[in-house]
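Good morning, colleagues. Please take a moment to look at the sequence and the structure before I begin.

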Amino acid sequence: MTQTAETSASPGKQMLSEQVYARLRDAIMRGDYAPGTALKPQDLAREQGVSLAVVREALVRVVGDGLADRLHNRGFAVPAYSDQRWQEIAEARRTIEPVILRMSIERGDVDWEARVRAAHHRLVRTPVYEPEESKYYSEAWSEAHRGFHRTLLEGCENPVLLETFDRLWTASELTRRLSTHRNPGRDGADEHRRLEEAALGRDADTAAAILVRHLTLTADGLTEETST
């Protein structure tokens with residue numbers, strides 16, 4: 001499809017951009033692109049069989065997710081792994097998420113409680129690792145994990161805060177996966193259990209403290225390994 005055709009048919013262009021965005025996002029999350037790898041629009045357009053406009057639109061969305069950097073006069077690239085970057089993301093989450101959790105515990109109703117229980121049950125019942133590669137989290141578990149954490153915060157009833165959580169979660173997902181690979185002995189299940197109990201027990205102070213420690217362990221697991 002030519003660029004002219006895509007421009008004149010905006011719904012088609014939007015669909016193509018969505019497809020390219022999804023492929024890029026999944027490829028980065030799978031590790032198909034090494035940290036620091038340049039994401040060249042011309043190459044991606046040729047590989048995907050779409051226009052530069054479609055690729056650039058998809059890349060901007062990937063940047064917004066925190067899964068790529070926009071470099072000054074140098075295009076786009078997969079973020080390079082660094083302790084500073086991941087600690088900054090962890091600091092942002094430790095600052096924002098406990099505040100949202102406190103609001104959620106204060107405002108959440110009985111339906112929220114039921115959703116939290118269901119999300120935790122799903123997390124517990126979902127296999128953690130891929131059968132073929134036991135050191136990597138399964139996609140199903142990763143989604144259940146995100147669902148549990150997001151459901152805990154949904155009682156805040158503030159969509160802007162939840163959108164902030166979504167962006168930070170995606171930006172930290174590569175960090176969490178790498179941390180899991182490097183720290184397989186961590187008892188995340190117990191951390192989640194205690195987090196659920198404190199939230200449903202309406203103990204905001206304890207829940208916030210558990211969440212801060214939970215996020216800190218994820219970041220520290222990576223930092224300790226990369227510094228050795």
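**Aromatic residues and the nonpolar cores**

Phe165 has a relative accessibility of 0% and therefore counts as buried. Please keep in mind throughout that we are looking at a predicted model. Trp169 is likewise in the buried class, since its relative accessibility is 5%. These two residues, Phe165 and Trp169, are four residues apart in helix H8, so about one helical turn separates them.

How many aromatic pairs are counted here? The count is one. In that pair, the ring centres of Phe165 and Trp169 are 5.6 Å apart and the planes meet at 45°, so the pair is classed as tilted.

Allow me to turn to the nonpolar cores. The largest nonpolar core has 27 residues, and those touching the most other members are Leu101, Ile105, Phe148, Leu152 and Leu195. Which helices each supply at least two residues of this core? They are helix H5 (83-107), helix H6 (110-125), helix H7 (139-154), helix H8 (159-182), helix H9 (188-200) and helix H10 (204-226). Apart from this core lies another, of 23 residues, including Ala45, Phe76, Val78 and Trp86.

As for Leu101, if residues up to four places away in sequence are not counted, Leu101 touches Leu152, Leu153, Leu195, Ala207, Ala208 and Leu211.

Next, consider helix H7, where Thr151 is found. Is Thr151 buried or exposed? Thr151 is buried, because its relative accessible area is 10%, under the 20% cut-off. Neighbours within four places in sequence aside, Thr151 is in contact with Trp112, Arg115, Val116 and Ala119.

Finally, Arg61 lies over the face of Tyr21, at 3.8 Å from the ring centre. Thank you for your attention.

Note on methods. Residues are numbered from 1 along each chain as its sequence is written. This is a predicted model: local features need pLDDT of at least 70, side-chain atom pairs count only at pLDDT 80 or more; totals for chains, interfaces and linings use all residues. Side-chain values use heavy atoms; hydrogens and water are left out. A nonpolar core is a set of buried Ala, Val, Leu, Ile, Met, Phe, Trp, Tyr and Cys residues joined through side-chain atoms within 4.5 Å. Buried means under 20% relative accessible area, exposed over 50%, partly exposed in between (1.4 Å probe, protein chains only). Contact means heavy atoms within 4.5 Å. Rings of Phe, Tyr and Trp (its six-membered ring) pair if their centres lie within 6.5 Å; planes under 30 degrees apart count as stacked, over 60 as edge-to-face and the rest as tilted. A charge sits over a ring if NZ of Lys or CZ of Arg is within 6 Å of the ring centre and within 35 degrees of the ring normal.
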